[in-house]
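Me: I would like to go through this structure by asking how each label is justified. Please set the values against the criteria as you reply.

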Amino acid sequence: MAIEYLGLSNINGPLVVLEGVQEAFFDEIVEFVVDGNIKKMGRIVELNEDKAVIQVFEGTENMSLTNTHTRLSGHPMEVAVSPDMLGRTFNGIGIPIDGLGSLGSADKRDVNGLPLNPVRREYPRNYIRTGISAIDGLTTLIRGQKLPIFSGNGLPHDQLAAQIVKQASLGDNSDEQFAVVFGAMGVKHDVADYFRKAFEESGVSDHVCMFLNMANDPVVERLITPKVALTVAEYLAFECNMHILVILTDMTSFAEAMREVSSSRGEIPSRKGYPGYLYSEFATLYERAGIVEGANGSVTQLPILTMPNDDITHPIPDLTGYITEGQIVLDRNLHGQSVYPPISILPSLSRLMKDGIGKGYTREDHQDLANQLFSAYAKVGEARNLASVIGEDELSPIDKQYLKFGEEFEKRYVGQGPAENRTIKQTLDLGWELLSLLPKEELDRIDTKLIEIYYPKKENEGA
Amino acid sequence: METKNIGKIYGINGPVIYLKGKTGFKMSEMVYVGRERLVGEVISLDKDMTTIQVYEETSGLKPGEQVEATGAAVSVTLAPGILNNIFDGIERPLESIAVSGGAFITRGVSVDSLDTEKLWDTHVTVSEGDIIHGGTVIAEVPETRAILHKCMAPPDVEGVVVSAAGDGQYTIKDTLVTVELSDGSRRELSMTQHWPIRVPRPVHHRYPANEPLVTGQRILDTMFPIAKGGTAAIPGGFGTGKTMTQHQIAKWADADIIIYIGCGERGNEMTQVLEEFSELVDPRSGNPLMDRTTLIANTSNMPVAAREASIYTGLTLAEYYRDMGYDVAIMADSTSRWAEALRELSGRLEEMPAEEGFPAYLASRLSAFYERAGMMQTLNGGKGSVSIIGAVSPQGGDFSEPVTQNTKRFVRCFWGLDKSLAYSRHFPAIHWLTSYSEYLPDLAGWYSDHVSPKFVDYRNRMMAILNQESSLMEIVKLIGGDVLPDDQKLILEIAKVIRLGFLQQNAFHKDDTCVSMEKQFKMMDVILYLYKRARKLVAMGMPMSVLKAEGIFEKVIAVKYDVPNDNLTMLDFYKKDIDEFYDRVIEKNG
């Protein structure tokens with residue numbers, strides 16, 4: 001069982017090749033001892049009879065073809081789990097780095113997880129109030145959903161995520177247990193510190209479990225970090241009955257790491273050099289959100305990704321959008337106008353929203369109101385295009401009204417304070433107030449009955 | 001007795017495994033891999049190397065473990081129990097997997113495709129001395145409240161019935177009929193058949209398409225109809241409503257059977273279909289929609305090889321029901337995921353990539369898939385159809401990518417979803433200028449006989465208005481709408497009525513979610529009547545602002561909500577309202 005192999009036959013980037021192995025299995029974890037003192041871990045990614053290709057998590061520095069002892073662990077990548085993980089900080093492969101010692105838990109889980117059977121899923125229906133109008137009103141986050149933030153470098157996605165954590169934790173169902181699992185892949189130290197501080201300030205830090213793989217940590221480790229984080233999240237949600245919000249940042253680093261490893265394995269690249277299995281890899285992460293029938297907990301995912309060159313058609317955001325249940329897109333132009341949060345309304349979407357809002361959840365007019373705001377804001381874009389050609393003065397009166405609406409909408413509805421926590425009622429009423437800038441006839445997406453109830457009565461009616 | 005071929009694992013690379021030496025395996029043969037008996041399929045043979053794709057997660061496999069050939073190609077079990085059920089990509093029922101393995105899908109689960117214990121009320125339709133051949137119905141079983149399952153003799157059987165069981169309760173494994181074949185040997189037939197998924201089931205011949213698949217969706221039925229036995233593609237970037245459109249068709253189409261293939265899509269979506277379809281009632285039969293539906297769920301996190309197979313599994317089930325004489329519609333959501341599965345496996349096999357990394361055989365696989373659709377005369381002389389509606393998820397929403405382009409070559413209906421329509425929440429976001437249907441001329445006769453002789457003419461007139469709108473919008477974008485002459489302003493207004501009042505359809509509104517052909521026609525009639533009367537007014541020199549002040553345009557837009565589906569006579573009053581509007585305008589301004 002515990003045979004030690006001395007030496008390696010090949011080292012190439014993060015990959016090493018070991019020959020003559022016996023009884024190794026695919027996806028098995030191996031332990032290395034380099035020079036008798038440095039410990040490293042790796043994973044078998046390819047097997048050909050007795051030749052194993054191994055990915056080394058901590059990088060292959062200091063390893064030579066002769067100084068390495070390798071031992072097969074006999075199990076796939078596992079992580080120790082325990083309810084005590086909350087409040088703790090781990091590295092990218094689940095080893096504590098906060099100096100508080102090991103977990104002392106013998107309970108281990110395979111990080112690869114298993115696909116959740118659709119017949120045992122519960123369709124997510126409860127919304128999470130984030131207190132942010134653009135999200136609550138137009139792209140409502142649902143418990144058990146996976147809703148990524150598509151951002152760009154320099155945009156305040158971290159601030160937005162921190163605000164969501166802070167305000168969602170103070171939600172209406174305070175008797176239920178809420179916790180955050182934070183997985184960082186290749187992030188800057190400043191970002192990790194920002195989140196740590198934000199969690200402390202909002203008083204949730206003893207309900208946060210952090211997995212940190214920094215920008216200068218080994219690349220291969222990043223491939224495991226989200227899996228470790230999600231395994232812990234699933235454990236806390238489905239075995240400890242907690243409602244877990246998972247924040248994964250930055251998915252782009254994860255994909256980059258995959259491309260790097262794939263290319264050093266000499267695999268055939270598909271789009272932009274990413275491996276052909278990028279979609280499947282993403283899917284195995286993102287699909288680990290949801291609610292299991294009979295369990296009291298849920299896993300909600302809020303992955304953050306930075307779109308290379310703000311390009312939403314880049315394979316990373318593109319494939320993500322096809323898997324996740326919507327997306328929140330941040331916009332550099334709005335950010336430039338100091339609108340916070342700079343959420344670009346039109347491409348943002350929550351697929352699960354339709355079943356989690358309306359009568360019995362938020363308010364009966366929510367869906368129609370949201371559709372109308374989307375549709376009106378789309379018209380604002382058309383009016384602005386026209387204005388840029390023929391000048392604002394030449395616009396028809398109705399187009400001018402749209403311009404006014406657009407300006408107010410961006411300033412007051414999308415924009416809000418970083419600590420401002422709006423109720424659903426405030427958000428919905430604000431929506432109606434803004435719509436009242438437009439004549440009633442323009443409201444073609446709302447049931448006439450609802451218009452009668454909610455359309456604000458103005459003193460100067462008909463003006 | 002043939003001895004089973006056995007090989008040993010040599011190499012493992014993701015879902016692909018290699019065996020060394022001569023194994024004697026056959027192409028496309030189903031194999032069991034390793035101690036856990038994972039299901040796999042032979043995909044390439046070489047003098048000294050056999051390549052197998054494994055339909056389950058391969059972590060934990062070791063070189064040296066045994067691979068056992070089953071002697072048969074990967075096939076599906078065909079018998080009562082398929083409907084009102086949900087399967088994974090290789091026809092394993094997810095409910096049984098959940099019962100035996102819990103909420104998460106573990107590996108190497110061995111469950112029967114269909115319930116072999118359940119007793120079905122069976123009416124045996126042949127008796128001793130009858131001559132039967134492939135396709136002959138030997139028994140009828142009420143499978144669900146909506147569907148009578150006709151058990152047929154497998155296509156390769158021809159002979160004389162020497163004994164037949166009486167009516168009664170049988171399991172799908174019980175022998176019902178014994179046949180003496182022409183060579184004198186005897187064969188026992190039960191309700192069960194097996195059929196390899198990659199081989200089309202035989203038919204007598206193909207009929208031309210001449211009957212529409214009525215979906216209750218105005219933009220489809222009126223503007224871009226699909227025939228029964230036809231093929232359609234719905235391409236669109238994420239969030240443009242591919243899945244919603246598929247759901248709407250699956251709910252309301254006038255097919256007898258719906259096969260919904262969730263290929264590499266979201267788990268929550270499959271759960272939603274399962275929940276929703278169990279509650280929703282089929283407007284035609286009054287039974288739950290699940291009674292006519294089968295779901296094939298291979299969500300995006302299930303193994304990639306099974307994703308590739310799921311499309312064929314669904315198709316084979318569809319062909320089986322077609323052979324009974326039913327009209328079957330397949331929703332394949334999404335064929336891009338299937339194409340990507342091909343690409344992923346091709347990459348693992350280190351094949352030479354063609355365009356965008358897709359294998360060169362992408363086009364031939366797609367054409368073979370879509371060509372299995374059609375309105376057919378079945379082997380038993382009946383008439384059944386398989387219609388395929390495939391969603392396409394183009395990379396970056398760009399229709400010039402290989403999957404969309406190749407699909408376009410093999411389908412006759414193209415329902416292009418548009419991002420800007422989706423952004424303004426105009427649903428269904430099918431763009432009327434990029435979409436087309438080649439079936440329109442084939443179906444003109446049907447529309448004329450079953451709806452109205454004017455139908456196609458009205459449809460074309462509406463399309464013409466929309467096309468005029470689009471060219472006028474070019475001008476408006478440059479100089480604003482105010483400078484247009486009033487007759488052109490009217491075109492813009494009528495086009496708006498068509499877009500909002502006709503093309504846009506609310507899937508969540510009880511009256512608007514599914515609309516009969518009669519209502520669709522009458523709505524067109526009202527809109528075009530409004531146009532006719534308004535045009536007369538404009539010709540008299542009435543400015544558009546006067547016409548708009550009346551609110552009649554808004555009223556016609558709201559027809560879709562205001563006229564309930566069970567009271568279509570209300571639509572006749574709209575013409576009177578339009579006449580009144582006409583008279584009033586003349587009176588005031590004339």
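**Contacts, strands and exposure**

Reply: In this predicted model, 62 residues of chain A are in contact with 62 residues of chain B. The elements that give two or more residues to the side of chain A that touches chain B include strand E5 (38-48), strand E21 (343-350) and helix H10 (366-390) of chain A, and H10(A) gives the largest share, eight residues.

Me: What makes a residue on that side of chain A count as nonpolar, polar or charged, and how many fall in each class?

Reply: The class follows from the residue type, with Asp, Glu, Lys and Arg counted as charged and Gly placed among the polar residues. On that basis the side of chain A that touches chain B divides into 31 nonpolar, 14 polar and 17 charged residues.

Me: Why are E5(A) and strand E1 (residues 6-13) of chain B called paired?

Reply: Pairing requires at least two bridges, and two bridges join E5(A) to E1(B), so the pair meets the criterion; the two strands run antiparallel. Within E1(B), Gly11(B) is the bridge partner of Asn48(A).

Me: How do you know that E5(A) also pairs inside chain A, and what lies in the turn?

Reply: Six bridges join E5(A) to E6(A), again in an antiparallel arrangement, and Leu47(A) stands opposite Ala52(A) in E6(A). The two strands form a hairpin with two residues between them, and Glu49(A) in the turn has a positive phi of about 55 degrees. E6(A), residues 51-56, is also joined by five bridges to strand E3 (residues 15-19) of chain A, with the strands antiparallel, and here Val17(A) stands opposite Val53(A).

Me: Which domains does chain A have, and what shows that domain 1 and domain 2 touch?

Reply: Chain A is divided into domain 1 (4-75), domain 2 (79-355) and domain 3 (366-454). Although the C-alpha centres of domain 1 and domain 2 of chain A lie 30 Å apart, 10 residues of domain 1 are in contact with nine residues of domain 2. The side of domain 1 that touches domain 2 divides into five nonpolar, four polar and one charged.

Me: Which residues touch the most other members of the largest nonpolar core?

Reply: That core has 310 residues, and Val232(A), Val246(A) and Ile330(B) touch the most other members. Helix H4 (residues 219-239) of chain A provides the largest share of the core, 13 residues. Leaving aside neighbours within four places in sequence, the contacts of Val232(A) are Val79(A), Val81(A), Met85(A), Val181(A) and Cys209(A).

Me: Why is Val109(B) called partly exposed?

Reply: Val109(B) has 18 C-beta neighbours inside 10 Å, and because a buried residue needs 20 or more and an exposed one has 12 or fewer, the count for Val109(B) falls in between. Val109(B) is found in the loop between helix H1 (94-101) and strand E9 (120-124) of chain B, where, not counting residues up to four places away in sequence, Val109(B) touches Arg92(B), Ile97(B), Ser100(B) and Gly101(B). Val109(B) and Leu38(B) are 71 residues apart in sequence, while their C-alpha atoms are 8.0 Å apart in space.

Me: What makes Arg425(B) buried and Lys272(A) partly exposed?

Reply: Arg425(B) has 21 other C-beta atoms within 10 Å, and since the threshold for a buried residue is 20 or more, Arg425(B) is buried. Lys272(A) has 13 such atoms within 10 Å, which places Lys272(A) between 12 or fewer for exposed and 20 or more for buried, and therefore makes it partly exposed.

Me: Why single out the backbone angles of these two residues?

Reply: Most residues other than glycine have a negative phi, so a positive value stands apart from that rule. Phi of Lys272(A) is near 45 degrees, in the loop between helix H5 (251-264) and H6 of chain A. Arg425(B) has a positive phi of about 55 degrees although it is not a glycine, and it lies in the loop between helix H9 (419-423) and strand E26 (436-437) of chain B.

Me: Which residues does a cis peptide bond join in chain A, and which in chain B?

Reply: In chain A, a cis peptide bond joins Tyr340(A) and Pro341(A), with omega about -10 degrees. In chain B, a cis peptide bond joins Asp333(B) and Ser334(B), with omega about 10 degrees.

Notes: Residues numbered from 1 in each chain as written. Chains lettered and ligands numbered in written order. Predicted model: local features only at pLDDT ≥ 70, side-chain atom pairs only at ≥ 80, totals over all residues. Contact = placed C-beta atoms within 7 Å. Helix = DSSP H or I, 4+ residues; strand = E, 2+ residues; numbered from the N terminus. Domains from an automatic or database assignment. Core = buried A, V, L, I, M, F, W, Y, C linked by C-beta atoms within 7 Å.
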